[in-house]
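User: I am new to this structure and would like a close look at a single part of it. Please take one loop and describe what is there and what lies around it.

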Amino acid sequence: MGKGSNVQKAQAARERNQKKLGKTDEERRAASAKATKDSTAYSCLICRQSFMVNAKLPLLHLHVISKHKTLDPVTCFPELAGYDPDNPEGKVATTTAKKIVPKKKKKTEDSLDSLLDAGLGKKKGKGKK
């Protein structure tokens, strides 16, 4: 049997060459635009410092505290509206949570005395005869 027609071989060669060439100009422009958008996802409105898209709110709050002490955090980053620095994860504290108190163990003097007596017995091991 044959290995296929010349048309199929030419088609396969075109596909291999297409992969070698890489991205087209349109794809490169789109990727570049996405990268610049992601790199300046958060920017401080006062000093224009930019933060990556994966920056968390505690990092933004830390920037405000260290660089702009006298300003309100929302004036620097509108994303910090409603952010609580005491509760950075945003979890709601339950008011009905019960404290777990460990049970107190009763001391038994008998067990302590027996342990001491066992340790005070005659010494076994190498010694002078």
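Analyst: The part chosen here is the loop between E1 and E2, and Arg 48 lies in it. The model is a predicted one. Arg 48 has a positive phi of about 65 degrees, although this residue is not a glycine. Arg 48 counts as exposed because its relative accessibility is 60%, and the cut-off for exposed is over 50%.

Leu 45 lies in the loop between strand E1, residues 42-43, and strand E2, residues 50-51. With a relative accessible area of 41%, Leu 45 is partly exposed. Leu 45 also belongs to a nonpolar patch on the surface, which it forms with Ile 46 and Leu 71. Together these three residues have about 240 Å² of accessible area.

Next come two cysteines, Cys 44 and Cys 47. Cys 44 is buried, with a relative accessible area of 0%. Cys 47, by contrast, is partly exposed, at 37%. The structure holds zero disulfides. Cys 44 is accordingly in no disulfide, and the cysteine sulfur nearest to its own is that of Cys 47, 3.7 Å away. Seen from the other side, the closest cysteine sulfur to that of Cys 47 is in Cys 44, and 3.7 Å is too far for a bond. The cut-off explains why: a disulfide needs the two sulfur atoms within 2.5 Å.

Both cysteines share a contact partner, His 63: leaving aside neighbours within four places in sequence, His 63 is in contact with Cys 44 and Cys 47. His 63 also contacts Gln 49, Phe 51, His 68 and Phe 77. His 63 lies in helix H3, which covers residues 57-67. This histidine is buried, with a relative accessible area of 5%.

For contrast, consider a helix elsewhere in the model. Helix H1 runs over residues 6-21 and has 16 residues. From its first C-alpha to its last, H1 reaches 22 Å, close to the 22 Å expected at 1.5 Å a residue. H1 is hardly covered, since the count of buried residues among its 16 residues is zero. Just after H1, Gly 22 takes a positive phi of about 95 degrees. A positive phi is also found at Arg 48, which is not a glycine.

To go back to the loop: Arg 48 is exposed, Leu 45 is partly exposed, and Cys 47 is partly exposed as well. Cys 44 is buried, and so is His 63, at 5%.

Terms used:
Residues are numbered from 1 along each chain as its sequence is written. This is a predicted model: local features need pLDDT of at least 70, side-chain atom pairs count only at pLDDT 80 or more; totals for chains, interfaces and linings use all residues. Side-chain values use heavy atoms; hydrogens and water are left out. Patches are made of residues with over 30% relative accessible area and no salt bridge: like charges are joined within 9 Å, nonpolar side chains (Val, Leu, Ile, Met, Phe, Trp, Tyr) within 5 Å. Accessible areas come from the Shrake-Rupley method with a 1.4 Å probe; for residues, only the protein chains shown count as cover. A salt bridge is a side-chain nitrogen of Lys or Arg within 4 Å of a carboxyl oxygen of Asp or Glu. Helices (H or I, at least four residues) and strands (E, at least two) are DSSP runs, numbered from the N terminus. Buried means under 20% relative accessible area, exposed over 50%, partly exposed in between (1.4 Å probe, protein chains only). The expected span of a helix is 1.5 Å times one less than its number of residues. Contact means heavy atoms within 4.5 Å.
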